[in-house]
Every structure is written in structure tokens, then in C-alpha cells.
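Let's take a walk through a protein structure together. Have the picture open, turn it slowly, and look up each residue as we reach it.

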Amino acid sequence: LKGEVTQFLQETAMQPGLAVILVGDNPASQVYVRNTGKACVEAGMRSDQHVLPADITQEDLLNLVDRLNADPAIHGILVQLPLPPHINPLTVQERVWPVKDVDGFHPLNVGYLSMGREGLVPCTPLGVMEILKDAQIPLLGRQAVIVGRSNIVGKPLAQLLLREHATVTLCHSRTRDLPAVCRGADILIAATGQKRMVRGSWIKPGAAVIDVGISFEEQNGKVKQGGDVDTDAALEVAGCLSPSPGGPGPMTIAMLLRNTLLAARRQAGK
């Protein structure tokens with residue numbers, strides 16, 4: 001990405017710019033926003049971070065989004081979720097111009113994804129797909145099970161896997177005999193935020209496992225980040241494992257920067 005950003009800058013004299021809005025003090029969001037800022041600098045992009053109090057009004061937040069929409073130096077806008085309860089996330093997501101929606105959450109981009117058209121795609125699902133491709137995991141005709149049906153990960157990831165001709169099962173809290181469904185997966189992706197929910201006995205021997213979940217627990221007075229998968233148990237069974245932390249998180253940031261560069265290219269007529 002750093003090389004592509006340099007080339008884009010030479011061709012257009014434009015530095016790709018990403019604006020990140022963080023409302024409140026969610027610890028997982030703080031980690032993500034901090035790492036995003038560092039990655040932007042490393043890749044040669046402009047990073048604008050707006051850290052807002054949890055009691056900000058929805059109107060004031062929308063006004064900030066409007067200003068960033070109109071700023072030609074900003075090519076991508078990310079409103080970090082979750083938002084405080086008094087702010088409607090869909091209203092905010094709809095306010096971001098689709099061409100600057102580098103999180104891929106605007107209804108227009110969601111529709112493009114479901115129709116197989118070109119748009120901006122959510123970053124974590126993109127990162128998962130890159131992990132699978134890099135590890136040379138076959139997708140065509142394979143059984144892929146996603147645990148978690150969120151708009152951020154589960155649903156868009158199902159669309160991307162379908163594009164690659166995988167057979168996709170999207171699970172949730174009401175799925176009957178979830179362990180048995182997971183054991184049928186050639187590719188198992190956990191994205192619930194439930195600490196160590198997926199045990200080794202849930203995993204088909206040799207399966208590819210990707211842990212997208214983020215959870216926190218206190219150990220010896222320190223807060224430790226973990227994921228949805230019991231990592232030690234999974235390593236005894238899985239063919240390969242992309243853990244949390246350490247796997248999808250960094251790839252999510254990389255895909256966010258890639259989306260920002262793509263948005264900048266489109267806004268520059270490239």
C-alpha cells in the first residue's frame with residue numbers, strides 16, 4: 001500500500017486522507033483507532049482523528065460528518081462503532097457520502113455488495129478474504145460456517161464467500177446444535193465477541209479457522225484481549241488458525257487503508 005500511495009501522490013499531487021470519528025471511550029474502539037492512525041502515517045496517508053465525548057448530540061455528530069464530506073482533502077470517513085445509545089448508527093452511516101464510505105456500511109454500498117456490483121466493501125470481511133487467499137485455502141464448493149450475523153462482519157462476509165462459490169452457513173444465537181454445524185465446516189469463522197466460545201471439539205480436523213471476535217478480561221490486574229476461539233484447543237485440531245488478537249485485526253486496518261486509496265482514486269477520476 002505504501003508504494004501504491006506514493007505512486008498515487010506522484011500522479012495526482014493528492015495525499016489520500018482518512019478521517020476517523022471516535023465517540024466515547026470503548027476500549028476496543030480506542031485500540032483500533034490508535035492503530036489505524038499509526039498505519040496511516042506508515043503508509044504515507046493523511047490521518048485526521050476526531051475524538052468526541054460520549055454525550056455529544058446526534059446533530060453535532062452529523063454536522064461533523066457533513067464538514068468532512070465537503071472537505072476535498074478527506075477521501076475516506078470512518079465512524080467507529082459502537083456509538084452511544086442516544087445516537088442512531090444507521091442515520092450516521094447514511095449521512096456519509098457513499099464515495100467516502102470506506103467502512104462499506106452505507107446502504108448503497110451494502111446493496112452493491114449483495115448485487116455483486118463494485119462498491120466499497122466492509123474492511124474486516126475483506127481482511128478475512130485476504131487471509132484465506134494468502135493461505136491458499138480453497139473456497140470453491142467448500143463448506144464455510146460463519147458464527148455471527150452482524151452487519152459489520154457476518155452478513156457481508158457471507159456475500160464475499162458466495163462470490164467465491166463457497167457454500168455458506170450463517171449461524172446465530174438461535175442456531176440448533178451449533179457445535180455440530182461448526183464441525184461440518186471446512187472454513188470456520190467466529191465473529192460473536194463471546195470469549196472462547198468456539199472450543200476444539202467444535203472444529204473439524206484440518207479446518208481453516210479464523211477468529212474475528214474481540215473480548216477483554218482482567219488477569220493479574222491487567223486487561224487482556226482475547227477472541228471467540230479457544231486458541232490452544234483449536235491448534236490441536238485445525239489445519240490453520242488466524243487468531244485474535246493478531247490476525248484479522250491488522251488485516252482490517254490494511255483493508256481500511258486500501259479502501260481509502262480506492263476512494264481517493266475514484267474521487268480523482270482514476
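Where in the chain is Pro138 found? Pro138 sits in the loop that runs between helix H6 (123-134) and strand E4 (143-147). With a relative accessible area of 39%, Pro138 counts as partly exposed. You can also try a distance here: Pro138 and Lys204 are 66 residues apart in sequence, and their C-alpha atoms are 16 Å apart in space. Keep in mind that what you are looking at is a predicted model.

Now let's step back to the whole chain. The protein chain has 10 helices and 10 strands. Its C-alpha atoms fill a box of roughly 50 × 40 × 30 Å along the principal axes. For 270 residues, a compact globule would have a radius of gyration near 18 Å, and the 19 Å of this chain agrees with that. Among contacts with a separation of 6 or more, 67% join residues that are 24 or more positions apart. Of the 270 residues, 46% count as buried. The accessible surface comes to about 13,200 Å², and 51% of this belongs to carbon and sulfur atoms.

Next, look inside. The largest nonpolar core has 44 residues, and Leu132, Leu157, Leu161 and Ile189 touch the most other members. The largest share of this core, seven residues, comes from H10. Apart from this core lies another one of 19 residues, including Ile77, Leu81, Ile87 and Val92. To see one well-connected residue in its surroundings, find Leu157: leaving out residues up to four places away in sequence, Leu157 touches Pro125, Val128, Met129, Ile146 and Ile189.

Helix H10 deserves a visit of its own. H10 covers residues 248-267, which makes 20 residues, and reaches 28 Å from its first C-alpha to its last, close to the 28 Å expected at 1.5 Å a residue. Which side of a helix faces where? An α-helix has 3.6 residues a turn, so residues three or four places apart point the same way. With that in mind, pick out the buried residues of H10, among them Thr252, Met255, Leu256, Asn259, Thr260 and Ala263. Just after H10, Gly269 takes a positive phi of about 80 degrees.

Helix H4 (residues 89-95) offers a pair to compare. Gln93 lies in this helix and is buried, with a relative accessible area of 17%. Glu94 is found in H4 too, but at 43% relative accessibility Glu94 counts as partly exposed. Setting aside residues up to four places away in sequence, Gln93 touches Leu81, Phe105 and His106. Glu94, with its neighbours within four places left aside, is in contact with His106 and Pro107. For a sense of scale, the C-alpha atoms of Glu94 and Cys240 are separated by 38 Å, with their positions 146 residues apart along the chain.

How many disulfides does the structure hold? The count is zero. A disulfide is a covalent bond between the sulfur atoms of two cysteines. The sulfur of Cys123 is too far from any partner for a bond, because the closest cysteine sulfur, in Cys40, is 11 Å away. Cys123 is also buried, with a relative accessible area of 2%. Cys240 is in no disulfide either, and the nearest cysteine sulfur, that of Cys182, is 16 Å away. Unlike Cys123, which is buried, Cys240 is partly exposed, with a relative accessible area of 30%.

Finally, let's look at the backbone itself. Most residues other than glycine have a negative phi, and most peptide bonds are trans. Against that background, a few places here stand out. The peptide bond from Leu81 to Pro82 is cis, with omega near 0 degrees, and Pro82 lies in the loop between strand E3 (76-79) and H4. Another cis peptide bond joins Ser244 and Pro245, where Pro245 has its place in the loop between strand E10 (240-242) and H10. Ala13 has a positive phi near 60 degrees; this residue is in the loop between helix H1 (2-12) and strand E1 (17-23) and is exposed, at 70% relative accessible area. Arg196 has a positive phi of about 50 degrees although it is not a glycine. Arg196 lies in the loop between strand E6 (187-190) and strand E7 (208-211) and counts as partly exposed at 37%.

Conventions. Residues are numbered from 1 along each chain as its sequence is written. This is a predicted model: local features need pLDDT of at least 70, side-chain atom pairs count only at pLDDT 80 or more; totals for chains, interfaces and linings use all residues. Side-chain values use heavy atoms; hydrogens and water are left out. Helices (H or I, at least four residues) and strands (E, at least two) are DSSP runs, numbered from the N terminus. The expected span of a helix is 1.5 Å times one less than its number of residues. Buried means under 20% relative accessible area, exposed over 50%, partly exposed in between (1.4 Å probe, protein chains only). A nonpolar core is a set of buried Ala, Val, Leu, Ile, Met, Phe, Trp, Tyr and Cys residues joined through side-chain atoms within 4.5 Å. Contact means heavy atoms within 4.5 Å. A disulfide is a pair of cysteine sulfur atoms within 2.5 Å. The radius of gyration is taken over C-alpha atoms; the globule rule is 2.2 Å times the number of residues to the power 0.38. Accessible areas come from the Shrake-Rupley method with a 1.4 Å probe; for residues, only the protein chains shown count as cover.
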